[in-house]
Every structure is written in C-alpha cells, then in structure tokens.
Amino acid sequence: LPGISILKPLRGLDHGLREALESFASQDYPEFEMLFAVADADDSAIPVIHEVMAAHPHVPSRLLVIDADLPNRKVAKMAAMEAVARYPVVLISDGDILVPEGYLRAVAAELERPGVGLVTALYRARSNTFAGRWEALGISTDFSPSALVGRLIGVSEFAFGSTMALRLDLLKAIGGCRALGEFIADDYHLGRLVRERGLHIGVLKEPVETSLTAETWGEVWRHQLRWARTIRASRPDGYAGLPVANASLWGMLLLATPFWACGLLLLALRIIAGAWLAKAVLKDPISFAFLVLQPFRDIWAFAIWICG
C-alpha cells in the first residue's frame, strides 16, 4: 500500500471538526501523514488541530500557517501542503468530512485500478436544524443522482471536495495545486485536468459524510445559490440543461393537463429513485425520512436554478 499524505485546508471551526479530523487520524493504514493549513495564526480551528495531533502522536502531522497568495485561498493552502508532502499519494479533503473505517485502504485500492488517475467519493449530509436537513435532502436526492447520471452519459470530469486522491507525480505533472488557483471550483477543475490526460476518476463505493450548519432558510438559499453559480461558471452548457432532468417539475406540470396520470407516475418514480439512492447508496436515514418533501425540494431547486 502506498504512503498517503492527507491535505486538510481549514478555515474556522466547522461543526463536528474534531470528530471529522479524528476519523482520519484513527485510520488503520500502514503509512500516512496529516497536513493542516490555515491562513491566519488566530484561526479558531488551530486549537482543535493541536488536540487531534496530541491525541495521535503516532501519526506524523504538521500545521502550516501560510500567506494565501492566490485568488482561491483554499487552493493556496493546498499548494503549501503539496510542497511538503512526503508520500507518493496525496488526498485532499474538506475539513468537515467524516470518513468510515477502512477509508484509506479503499482509496488506495481504487487508485490501483488500471486507468484510474483520481479517486473521489459521494457524500451524505447531517444537520441539527430543519433548514439544514432540507439542504441535506437535496444533496442525497438531487446532487448525488445528477453526478451519477452525468457519469453514465459521459460527463465524468468532476471530483468532489469530500475526497480527491491522486498520485503526487501526476499532480505535479498537471501543474500542481497552483494550477487551480484562478478557479472557484477547484474540485471540478482538478478532475478536468486529470481527465484531459486520458485517465478516469474512480468513485468509492462507501460514501463519506459532511455536516451542514445552516440554521435559517436564508443561509440555505445563499449557500445553494452560490453552489448553482459555481456550477454555471464551470459548466455553462451542463447548467443550462439541468431542468431537463427535474422530474418533479415536469410531473407537477403534467398534473394540470389531461396527462395527469403520467404526472403521478413520474412523481412516484422520482420519489422511488430518491429513496433508493438515499437508503441503499448513501445510507442516509435523515433524507430517507424526508422523502415525502422531495418534489417540493425539486421545485426549490428550479427556483435556485433561475436565480443562479
């Protein structure tokens, strides 16, 4: 198994940060290190980082406080950690990602598959607020299915910030992390650069988990709108076609026509597909319990799309 350098660009005290970092530090894997980077010596994440480092002294760890000299400050942190990474595989992951046991072994196994240049992972979300759970429903029943359908029809150049693992020599060959510094969607563009070299993006079978901290509907709206604009900026052609796959939108429109039975069938199929993905693929009990609201969440997504 190759040694892995885990790169954690951090900013602020994300909900569940300690638990998330612990899930990486406690992995059963022969050789790995954890690198952390912040852009402010007073960052509130630093005490938690020191706690995790102290709790796992057997895991080589290092905290970098850097000058974020790129338009994308997260990428500046990634570049600083890349420069000091000691192992042949680097794994970039957002700070709030919680991973299961055996995660690093699964990443290494997927990366060994012929033709795979980068490994990523789908994710589910958890939240303690109703607004946050509404957003989590969209991740499980809209965002993730869109990603899987995209791969099915050949749109597979994207990765997710939850997990981006690739060989260090490949990363350096495509210009290193600094090559992503001008882009807002660093995860998408890293996947694009890997695909342009004729390599595939592998997806782990086991999802990871993120925490959503939105407490108000306004926060959820602004987050989703920023996400929509990021997609539009990265893939304007794909963004333009998103409503085509919004089954709830077309199902509800059909209810007002003589073909109302087709509308009911379409809505039923949409809920069944969402239930299957949430339960069987993402193992997401929260979104599964909220599935009756899924058609209304899809209409919300259409409104986001228009504003985006």
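The following paragraphs lead the reader through this structure, from its overall confidence to its sheet, its cores and some individual residues.

The structure is a predicted model. Its average pLDDT is 91, and 100% of the residues score at least 70. Among the elements of the protein, strand β4, residues 89-92, has the highest mean pLDDT, at 98, whereas helix α12, residues 285-289, has the lowest, at 75. Where pLDDT is low, the predicted coordinates should not be read in detail.

A sheet is a suitable place to begin. Seven strands make up an open sheet with mixed pairing, and their order is β3-β2-β1-β4-β7-β5-β8. Strands β3 (61-65) and β8 (200-203) stand at the edges; each has a single partner strand, so one side of each is left without a neighbour in the sheet. From one strand to the next, the twist averages 25°. Within this arrangement, strand β1 (residues 4-9) pairs with strand β2 (residues 32-38) in the parallel sense, over six bridges. Ser5 stands opposite Glu33 in β2. Helix α4 packs on the sheet, where it touches β1, β2, β4, β5, β7 and β8. The direction of α4 makes about 155° with that of β5.

The interior may be considered next. The largest nonpolar core has 47 residues, and those that touch the most other members are Ile4, Phe24, Phe32, Met34, Leu91, Tyr103 and Leu104. Which helix gives the most to this core? Helix α4, residues 103-111, does so, with five residues. Leu104 illustrates how distant parts of the chain meet: leaving aside its neighbours within four places in sequence, Leu104 is in contact with Ile4, Ile6, Gln27, Tyr29, Phe32 and Leu91. A second, separate core contains 29 residues, among them Leu35, Ala76, Met78 and Ile174.

Buried residues are also found in helix α10, residues 247-255, namely Ala247, Ser248, Leu249 and Gly251. The elements that cover these buried residues of α10 include α11 (260-281) and α13 (294-307).

Glu101 offers a contrast. This residue lies in the loop between β4 and α4. Is Glu101 buried or exposed? Its relative accessibility is 82%, and because a residue over 50% is classed as exposed, Glu101 counts as exposed. Glu101 and Ser23 are 78 residues apart along the chain, yet their C-alpha atoms are separated by 7.8 Å.

Key. Residues numbered from 1 in each chain as written. Predicted model: local features only at pLDDT ≥ 70, side-chain atom pairs only at ≥ 80, totals over all residues. Heavy atoms only, no water. pLDDT = per-residue confidence, 0-100. Helix = DSSP H or I, 4+ residues; strand = E, 2+ residues; numbered from the N terminus. Core = buried A, V, L, I, M, F, W, Y, C linked by side-chain atoms within 4.5 Å. Buried < 20%, exposed > 50% of the residue type's maximum accessible area, 1.4 Å probe, protein only. Contact = heavy atoms within 4.5 Å. Pairing = 2+ DSSP bridges. Axes fitted to C-alpha atoms, helices over the stretch in contact; angles between N-to-C directions.
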